[in-house]
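Here is a friendly walk through one protein model, in question-and-answer form. Have the viewer open beside you as you read.

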Amino acid sequence: MALPITLLVPNQAHKPQVRLQTRTPDGPRGMLNTFVHILKSNGFLGLYGGLSASLLRQLTYSTTRFGVYEELKSTFTTASTTPSFPSLIAMASTSGFLGGIAGNPADVLNVRMQHDAALPASQRRNYAHALDGLVRMSREEGWRSLFRGVAPNSMRAVLMTASQLASYDGFKRLILSHTPLSDNLYTHFGASFLAGFVATTICSPVDVIKTRIMSAKESEGLGRLLGRIYRVEGVGWMFRGWVPSFVRLGPHTVVTFLFLEQHKRIWRALRGERGEEGAKI
């Protein structure tokens, strides 16, 4: 499922998000200006820089967190009861933490490859593709470099999965309980759109920190980094890049859950199982 989702919702919005979160004071301001800057500097294909790393990230991070979450939810769901919303948050947090660790190497590559063109030519890493990046990072910086920023990345993964997956199930329950809609495409769209908005807002501060750490040439303590960002940018740093982040994550969340719901429906039909609507989730 990760591959078609990544291809349908590609890097055009994620690259401006990374550029805005790592922008120098004299850099382009706003999403549209950043788009134009990338097109002028790198051409149309510049919007797809780091695509191989994005694919690798989806195949590791997303597969892990969705797989673990659905397995946990299935384990604690019976014919008469479903997990409470706090339980869903705990399950999502656990699966997000594991997914953050699994996807960290690809995430480091993703940030570096998309930020590369913003660096002076002498400082660019010029990874050919994701596998080349993994090999070179391990050889030049040691295997620990693959897990640079794993703490904020795992924290971000916990927040993302809890605010995305658990909130989706929560919004879906509310729609089914308080509207005449049934468990259909309209319900899935509405719940996933709201989940994307919540996830973008909650994850924005951690996203900025994660991007700054992973794109840095030298390691810097989290406390020192936060102090420096606050002194230079004030509290506005927490939502820098929110618009391109939502432009990317909103459609990504919608497409993800539309695919996931159809995938589960086909899987249940093949196994002769009752749908989730029978369990009132």
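The questions below go from the whole chain to helix packing and then to single residues.

This is a predicted model, where local features need pLDDT of at least 70, side-chain atom pairs count only at pLDDT 80 or more, and totals for chains, interfaces and linings use all residues. Residues are numbered from 1 along each chain as its sequence is written, and side-chain values use heavy atoms, with hydrogens and water left out.

Q: How many helices and how many strands does the chain have?
A: Helices (H or I, at least four residues) and strands (E, at least two) are DSSP runs, numbered from the N terminus. Read from that end, the elements go α-α-α-α-α-α-α-α-α-α. The count is therefore ten helices and zero strands.

Q: What percentage of the 281 residues is buried?
A: Let's set the cut-offs: buried is under 20% relative accessible area, exposed is over 50%, and partly exposed lies in between (1.4 Å probe, protein chains only). On that scale, the buried share of the 281 residues is 48%.

Q: What share of the exposed area do carbon and sulfur atoms supply?
A: Accessible areas come from the Shrake-Rupley method with a 1.4 Å probe, and for residues only the protein chains shown count as cover. The chain exposes about 13500 Å². Of this area, carbon and sulfur atoms supply 66%.

Q: Among contacts with a separation of 6 or more, what share comes from residues 24 or more positions apart?
A: A contact here means heavy atoms within 4.5 Å. Counting the contacts in the chain with a separation of 6 or more, the pairs 24 or more positions apart account for 75%.

Q: Why does the pair α4 and α10 get the orientation class it has, and which class is that?
A: Axes are lines fitted to C-alpha atoms, for helices over the stretch in contact, and angles run from 0 to 180 degrees between N-to-C directions. Helix α4 (residues 51-75) and helix α10 (residues 242-271) pack at about 50 degrees, with axes 14 Å apart. Angles under 35 degrees count as roughly parallel, over 145 as roughly antiparallel, 65 to 115 as roughly perpendicular and the rest as oblique. So α4 is, with respect to α10, oblique.

Q: How many charged residues are in the contact of α4 with α10?
A: Q58, F66, E70 and K73 of α4 meet H252, T256, F257, L260 and K264 of α10. For the classes, Ala, Val, Leu, Ile, Met, Phe, Trp, Tyr, Cys and Pro count as nonpolar, Asp, Glu, Lys and Arg as charged, and the others, Gly among them, as polar. The contact has three nonpolar residues, three polar and, for charged, three.

Q: Is the crossing of α4 and α7 left-handed or right-handed?
A: The axes of α4 and helix α7 (residues 150-178) come within 12 Å and cross at roughly 50 degrees, so the two are oblique to each other. A crossing is left-handed if the near helix is turned anticlockwise from the far one by less than a right angle, and right-handed if clockwise. For α4 passing α7, the crossing is right-handed.

Q: Which residues of α10 meet α7?
A: The axes of α7 and α10 come within 12 Å and cross at roughly 55 degrees, which means that α7 is oblique to α10. On the α7 side are R156, M160, Q164, L165, Y168 and K172. Their partners in α10 are R248, L249, T253, F257 and E261.

Q: Is S95 buried or exposed?
A: S95 lies in helix α5 (residues 85-115). Beyond its neighbours within four places in sequence, S95 contacts R65, V68, Y69 and T161. Because its relative accessibility is 0%, S95 counts as buried.

Q: Is F97 buried or partly exposed?
A: F97 is also placed in helix α5. Leaving aside neighbours within four places in sequence, F97 is in contact with S154 and V158. Because its relative accessibility is 43%, F97 counts as partly exposed.

Q: What distance separates the C-alpha atoms of K210 and R156?
A: K210 sits in helix α8 (residues 185-215) and, at 3% relative accessibility, counts as buried. Not counting residues up to four places away in sequence, K210 touches D107, N153 and R156. K210 and R156 are 54 residues apart along the chain, and their C-alpha atoms are separated by 8.0 Å.
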